[in-house]
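Here's a quick briefing on one sheet and a couple of residues worth a look. Have the viewer open as you read.

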Amino acid sequence: MRLKRMVAAGAAALVAVAFTACGSGFETPAEGGTEATGGAGAPEAETVFKVAFNQNAEQPEAVALTNLGERLAERTDGRYALEVFPNETLGAQKDTVELVQAGTVDFALVAGSLLENFNPDFVALNLPYVYDSQEHQEAVLNDPEITGDLYASIEDQNLRVLGGFSAGVRSVYNSSHPIEKPADLAGLKIRVMESDTNARMLELMGGIGTPMGQGEVYTAIQSGVIDGGENNESIYANLKHDEVAPYYSYTKHLMIPDYLITSPALFDSMSEEDQAVFLEELQAAYEESSELTAKVMTESQAAAEEAGAEFNEPDVEPFRQAVEPLLDEKLTTDTSRELYDSVRAAAE
């Protein structure tokens, strides 16, 4: 039971070790399997775990997990390593959750909203303005006093949450004008993730939430089907949304965590010593990803500004107050309300 609790909570109490140099991508092997392939994508080890990831190999989380795999191989004397499979090579996020349950994929990094399907109380960690900053989010996600019981709650569904990564802060951007207050969003169709919760959030913020796949957004803004979107600076700049929606307003309304998940049986197949090494190196990966994320967001803003985008800093308090009805609509259990209150208390 002590070990389960330790795993469910991540490794917040363990001391981080020094980072290795950041990787810059790798080749995806032609054929999978948990046994070592000796390919260019992972260090050699007796067992190389597959890690499913939906974005490219240069994203901070992918870099951090790749480096974790290298350190794991070194510290377990070649017993274990990780290989990150980017760009949905192993399937879309929803599919990889099911593949982890089935034991076909060893680990997956998935958006927090997907875990609401297994315990609705996860919604408390996905709501707008629940976190005050990236630092607040990272501290909460891997604090066993706050999230330990929640993470353990889905183990009977063959899912173990090892911990959470911060994926940046989402803000609004559009093609018309800077957003200074909720009224400025009136009549604007803003793309949101394909979720009723996020559509409702944007409605409360003053706009029209329009669920849509990310690949359609550029053309939809360009053609006038929608007026903008909401995401972090990296996505905004890298997908060239700054070309068609040059007004980026730091509403800072949403921070959806990414969780590293596996199956209890797989993790428990490792010795306690190797599990402890894994969790210690995972703590280092959180910190490395955090540093890289901050750097990437700064560089992305600079690139967007150079391309002609305008950034502004509205007072977020009116937006925070506007979405408060969503709390009553989504925090429908005592557990979810207590969890939300614990997260907010950690910011004070």
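Contact here means heavy atoms within 4.5 Å. By that yardstick, and not counting residues up to four places away in sequence, isoleucine 208 touches Gly187, Leu188, Lys189, Ile190 and Leu202. This is a predicted model, where local features need pLDDT of at least 70, side-chain atom pairs count only at pLDDT 80 or more, and totals for chains, interfaces and linings use all residues. Residues are numbered from 1 along each chain as its sequence is written, and side-chain values use heavy atoms, with hydrogens and water left out.

**The sheet**
- Helices (H or I, at least four residues) and strands (E, at least two) are DSSP runs, numbered from the N terminus.
- An open sheet with mixed pairing is built from 6 strands, in the order β7-β6-β8-β5-β9-β11; two strands pair if DSSP finds at least two bridges between them.
- β7 and β11 (310–312) each have a single partner strand, so they stand at the edges with one side lacking a neighbour in the sheet.
- β6 (residues 189–192) runs parallel to β7, with 4 bridges between them.
- Arginine 191 has threonine 210 in β7 as its bridge partner.

**Isoleucine 208**
- Isoleucine 208 sits in strand β7 (residues 208–211).
- Its relative accessibility is 38%, so isoleucine 208 counts as partly exposed (buried is under 20% relative accessible area, exposed over 50%, partly exposed in between; 1.4 Å probe, protein chains only).
- Glycine 187 is 21 residues away in sequence from isoleucine 208, yet their C-alpha atoms are 6.6 Å apart.

**Asparagine 198**
- Helix α6 (residues 196–205) holds asparagine 198.
- Asparagine 198 counts as buried because its relative accessibility is 7%.
- Neighbours within four places in sequence aside, asparagine 198 is in contact with Val192, Met193 and Leu254.
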